Amino acid sequence: MSEKNGVSRKDYKKTSKKNNSQEPKKWVKRVLLAFITLFLLVMVAGGALFTYYASSAPELTEEDLVGTFSTELVDKDGDIFYTLGGENREYAEANEYPDVMINAMTAIEDQRFNDHFGIDPLGIGRAAFGYVTNRGQIVGGGSTITQQLVKLSVFSTEKADQTLERKAQEAWLAIQLEREKSKEQIITLYLNKIHMAGNVYGVATAAEEYYDKPVSELEIHEAALFAGMAKAPNRYSPYANPELAKERRDTVISVMLEEGHITDEEAEAAYDTPIDEGLVEQTTSDNNALVIDAYLIRVLEEVSEKTELNPYTAGLTIHTNIDLDAQQRVFDILNSDDYVDYIKDDVEAALSLVEADTGKIAALGGGRNTKDRLGLNRATHIKQTGSTIKPLSTYGPAIEHLKYSTYHQVVDEEYSYPDGTPLRNYDGKYRGQISMREALVDSRNIPTAKIFNDSLNMDQAEDFMTNLGIPIDPMSKEGELVPSNAINGEMSSLQLAASYAAFANGGNYTEPYAVSKVITQDGQEIDLTPESNKAMSDYTAYMVTDMLKDVADNYSNYVGLGNIPQAGKTGTTNFTSDQLSDFGFPSSAVPDSWYTGYTSNYSLSVWAGFDRKETGYLSFTDGSRLIPRHIYQELMQYVSEGKENSDWQKPASVKEVTVEAGTTPAKLPGPNTPGSKLTTELFVEGNTPTEKSLVYGKKLSAPTGLNVKYDENKDELVIKWDDYTLENKDKKVSYNLSVDGASYTVNDTKYKVSEPQEGDLLIELSVSAYNTTGPKSSVTVKVVKKNDEDEEDEEKEDENSEDKDSEDKKEEESKDSDDNKDNDKNKNDKPTEDENTEKDPPSDSDSETNKDDESPDGDKENQNNEDNKENSGDSNGSSEENNS
């Protein structure tokens with residue numbers, strides 16, 4: 001083979017192999033260079049962003065670091081009822097804090113505290129990565145004690161506020177603080193400032209409050225408890241959650257051991273110390289704080305969210321809407337057995353009381369047997385609502401958008417959701433065609449789901465609920481309304497109370513609020529009263545209320561308030577069949593029970609159940625499902641005393657109309673509609689029925705032409721009458737015939753009765769049509785029957801008569817022959833009287849037959865009877881006993 005360009009095959013292969021071996025190296029270098037370039041760009045961009053954020057950081061003053069300002073909370077009457085922060089704080093100097101306290105805090109919170117310059121670069125990296133991967137939210141830790149001090153001094157501690165900008169500003173200020181303060185000063189400021197659960201601030205204060213000793217005398221297990229509480233003070237409080245507090249304390253002890261701050265023997269002794277050893281009993285002020293705990297949580301949330309001020313450090317005056325008498329009664333009801341029998345010790349309950357007209361939160365109950373300061377507030381936590389959602393998702397929208405009446409008819413029958421999932425009623429039965437009022441009052445699932453899924457569109461339902469402040473997400477886990485939202489959803493007791501308040505006040509919704517205004521340290525007044533919006537028409541509010549009044553009446557034994565007008569709705573959720581099996585619960589068990597009701601003054605929503613479904617259940621068998629109703633009755637009765645509890649006035653947009661039951665669409669009663677078929681319901685103005693029902697038709701009259709003939713030979717009565725014609729030609733009548741008390745239904749205009757009783761028989765006749773029966777016509781006929789002897793004598797007489805007639809005939813013929821001869825002779829003579837007399841008269845039987853055919857006396861008697869019926873008021877005209 002020839003060589004090209006002077007290069008041998010061997011040299012070519014060597015060159016190719018050399019070039020191929022160099023290509024991967026070049027590729028790696030390029031990728032590495034790209035990564036380095038990208039890293040530098042990120043660092044430059046991050047540095048620029050950090051510089052930008054840091055340039056807008058607030059000023060950190062000595063006053064901020066010391067934080068001596070207290071916040072005062074004022075009740076609805078303007079009286080101070082709680083002081084937050086400053087007043088309950090003792091300051092300790094650096095030399096008063098023992099090494100064990102400082103070692104415990106740095107071991108669990110910031111192990112490199114003595115080495116860093118205010119920030120932990122590794123922690124910053126973790127926070128930045130968390131920000132990128134979690135849609136702009138900081139989820140990782142990494143804050144040094146210096147950063148935490150900055151946060152407590154000038155920033156909000158709310159999770160929602162932990163943005164990258166705040167983190168950058170926090171880091172910048174921490175670096176500045178490290179330049180100005182020594183490590184000893186920083187740790188001392190931090191220990192004096194940190195929250196120690198409830199209204200206790202600073203470790204020195206906690207030492208006095210928890211152990212009644214100066215901070216300098218703290219032991220290992222005590223210091224470890226306080227260090228552990230820094231992460232979540234109320235959660236790890238030894239009073240509220242002793243088990244969690246011990247677990248957290250022991251974690252701190254183990255870290256102290258790893259860091260070499262304590263020996264194995266010291267650690268074991270600290271582990272073995274009971275969590276409650278040395279704890280003093282909580283004071284009266286602490287117990288009073290528990291009374292308002294749920295309300296205080298709501299206050300702090302509102303102030304932080306709406307003002308971005310820190311209630312703990314800003315020295316505010318917060319004007320709240322709390323009714324202290326109502327709040328105290330809420331606490332007493334939930335935390336004692338003096339008012340309600342809770343059946344089961346571990347059952348939980350929560351409630352929200354809202355002023356109907358204003359949306360002001362009067363009282364909140366966060367749970368039973370409250371021990372946890374600023375702990376779980378169940379009043380604002382969402383739960384499955386059960387049927388309490390029906391007026392909000394279905395019946396309210398149906399009236400508002402479709403202008404349904406309370407009479408609107410819907411069929412309760414076998415039904416499945418659009419995806420084929422079958423739905424059942426609470427009793428497993430079907431009631432057929434019923435009104436919307438009946439469907440709501442009896443809490444029928446199927447009629448409700450039919451209206452929601454088959455009549456409403458989702459935009460109408462969503463619009464109605466949104467106007468009531470109900471977030472569709474998380475009310476529906478899918479983020480949009482689904483078919484099951486007709487009968488169930490996710491809401492809190494506070495949301496339910498506020499939504500129902502719109503029904504109570506005529507249709508206006510106000511976001512429930514605990515704080516009316518905030519006055520800052522420098523006298524600036526911040527108004528936090530929310531705007532009200534027209535959530536629904538007045539006819540919707542009134543008509544829903546009118547139906548829910550029937551619910552309250554049905555359960556008056558449990559929720560009755562005497563003569564106070566009220567309305568309300570029950571609600572129950574269910575376990576799945578798998579859950580019942582897994583948990584070992586009976587088929588009657590339910591996880592949640594609700595009652596939400598209102599008067600013209602207050603709206604109150606009450607929940608009972610368990611925090612975790614597997615821990616317990618409610619049941620009608622032991623009465624635990626009735627707990628919310630008992631709580632409602634106790635509290636609503638108390639807050640309603642001394643108030644003017646007016647009934648709701650029907651607006652002009654609502655018309656009360658009596659209609660004929662069962663008609664669909666609704667129709668006005670006909671002239672002969674029975675009273676038992678009348679029902680009065682509410683209609684939206686302009687949508688009232690105008691057509692009259694013909695189900696029961698016009699008033700019927702008595703039939704005419706009643707005629708009775710007794711045929712002796714056949715021994716039967718032949719009864720005839722005139723045809724009865726209705727105005728509606730498509731309708732047919734039936735005739736009700738009574739013969740001496742025996743009744744017959746006839747469709748023809750004649751009837752025969754064989755072998756009737758002998759004597760005077762009363763014959764009565766009426767007509768039935770349109771589901772009603774008219775008045776009667778009547779006639780009396782005398783039936784006389786011949787006995788056997790009379791028949792024999794009559795037969796002999798007939799035979800003799802025939803023989804005699806035969807002889808007479810012969811004689812007559814003979815005589816006629818003679819007479820004819822004479823007549824021929826006497827043609828011009830007049831007949832004699834004797835001859836004239838011998839002629840046969842008409843027979844009596846023929847005369848009687850003619851009389852019966854004409855029946856003039858019978859007609860006269862029938863007419864008299866008919867006149868008597870008319871004059872007597874036609875008492876049988878509306879009878880239903882003989883309906884066809």
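Leaving aside its neighbours within four places in sequence, which residues is proline 242 in contact with? In this predicted model, the answer is a short list: Ser237 and Ile275. Proline 242 itself belongs to helix H10, a helix that spans residues 242–258. With a relative accessibility of 34%, proline 242 comes out as partly exposed, because that class sits between the cut-offs of 20% for buried and 50% for exposed. Proline 274 is a second proline to look at here: it is 32 residues away from proline 242 along the chain, yet 9.6 Å separates the two C-alpha atoms.

Helix H10 turns up again in the surroundings of helix H3. Helix H3 covers residues 99–109, and 8 of its 11 residues are buried, so the rest of the structure largely encloses it. The buried set starts with Val100 and Met101, then picks up at Ala104 and carries on through Met105, Thr106, Ala107 and Ile108 to Glu109. As for what these buried residues pack against, the partners are helices H5 (145–154), H7 (183–193), H8 (203–211), H9 (220–229) and H10 (242–258).

Out on the surface, things look rather more charged. Asp264, Glu265, Glu266, Glu268 and Asp272 make up a negative patch. Aspartate 272, one of these patch residues, is part of helix H11, which runs over residues 264–272. Its relative accessible area is 59%, so aspartate 272 counts as exposed, whereas proline 242 in helix H10 is just partly exposed.

Conventions: Residues are numbered from 1 along each chain as its sequence is written. This is a predicted model: local features need pLDDT of at least 70, side-chain atom pairs count only at pLDDT 80 or more; totals for chains, interfaces and linings use all residues. Side-chain values use heavy atoms; hydrogens and water are left out. Patches are made of residues with over 30% relative accessible area and no salt bridge: like charges are joined within 9 Å, nonpolar side chains (Val, Leu, Ile, Met, Phe, Trp, Tyr) within 5 Å. Accessible areas come from the Shrake-Rupley method with a 1.4 Å probe; for residues, only the protein chains shown count as cover. A salt bridge is a side-chain nitrogen of Lys or Arg within 4 Å of a carboxyl oxygen of Asp or Glu. Lys and Arg count as positive and Asp and Glu as negative; His and the chain ends are not counted. The place of a charge is taken as NZ of Lys, CZ of Arg, CG of Asp or CD of Glu. Helices (H or I, at least four residues) and strands (E, at least two) are DSSP runs, numbered from the N terminus. Buried means under 20% relative accessible area, exposed over 50%, partly exposed in between (1.4 Å probe, protein chains only). Contact means heavy atoms within 4.5 Å.
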